[in-house]
Amino acid sequence: MVSLLQSWEILRTKHREIPAQAVTVLLYVASHNPCHKQAIEEDQELTTSSCSRMIDLLNKGYGRGGVKTPGLGLIEKYSDPSNGRRFLLRLTPAGEDLVDQIKDSLC
């Protein structure tokens with residue numbers, strides 16, 4: 001049980017109050033690296049807006065009205081070469097390191 005708590009604490013080093021939906025998106029991307037945003041929405045039953053917010057948090061950041069909240073830099077979003085209207089998501093090196101730390105804590 002301690003290893004599960006350690007895993008959560010590793011995630012909290014990136015964001016003290018990381019939303020559970022953001023953890024879901026991060027772990028989905030880690031296990032399907034790369035993946036489409038639509039696949040996350042369908043498989044995890046997330047709304048389009050909620051998934052977008054979590055991707056923004058895990059990516060470069062988000063904001064409204066000129067106020068920008070920095071992202072965590074754990075995933076990157078890029079255009080799908082086979083369909084320019086769709087986006088693919090993959091872990092950044094920082095995301096890979098974090099996921100590796102989580103895996104190690106569970107062993």
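Trainee: Which exposed residues does the face of α5 turned away from its buried side carry?
Mentor: Keep in mind that this is a predicted model. Exposed here means over 50% relative accessible area. On the α5 face turned away from the buried side, the residues that pass are P93 and D104.

Trainee: And what arc do the buried residues of α5 cover around the axis?
Mentor: Start with the list: G95, L98, V99, I102 and S105 are buried in α5. They sit on the same side of the helix, because the arc they cover around the axis is only 120°. The general rule helps here: an α-helix has 3.6 residues a turn, so residues three or four places apart point the same way. For α5, then, the arc is 120°.

Trainee: How far does α5 reach from its first C-alpha to its last?
Mentor: The helix has 14 residues. At 1.5 Å a residue you'd expect 20 Å, and α5 comes close to that. Its reach is 20 Å.

Trainee: Is T92 buried or exposed?
Mentor: T92 lies in the loop between β5 (83-91) and α5 (93-106). Leaving out residues up to four places away in sequence, T92 touches G73, L74, I75 and E76. The cut-off for buried is under 20%. T92 has 12% relative accessibility, so it counts as buried.

Trainee: Over in helix α3, with which side chain does the side chain of K37 make a polar contact?
Mentor: K37 belongs to α3 (residues 37-44), and at 16% relative accessible area K37 is buried. Beyond its neighbours within four places in sequence, its contacts include T48, C51, I55, F87 and L89. The polar contact spans 3.3 Å, and the partner is S52.

Key
Residues are numbered from 1 along each chain as its sequence is written. This is a predicted model: local features need pLDDT of at least 70, side-chain atom pairs count only at pLDDT 80 or more; totals for chains, interfaces and linings use all residues. Side-chain values use heavy atoms; hydrogens and water are left out. Helices (H or I, at least four residues) and strands (E, at least two) are DSSP runs, numbered from the N terminus. Buried means under 20% relative accessible area, exposed over 50%, partly exposed in between (1.4 Å probe, protein chains only). Contact means heavy atoms within 4.5 Å. The expected span of a helix is 1.5 Å times one less than its number of residues. The arc is that of the directions from the helix axis to the C-beta atoms. A polar contact is a pair of N or O atoms within 3.5 Å; within protein, one must be able to donate a hydrogen and the other to accept it, and residues adjacent in sequence count only if both atoms are side-chain atoms.
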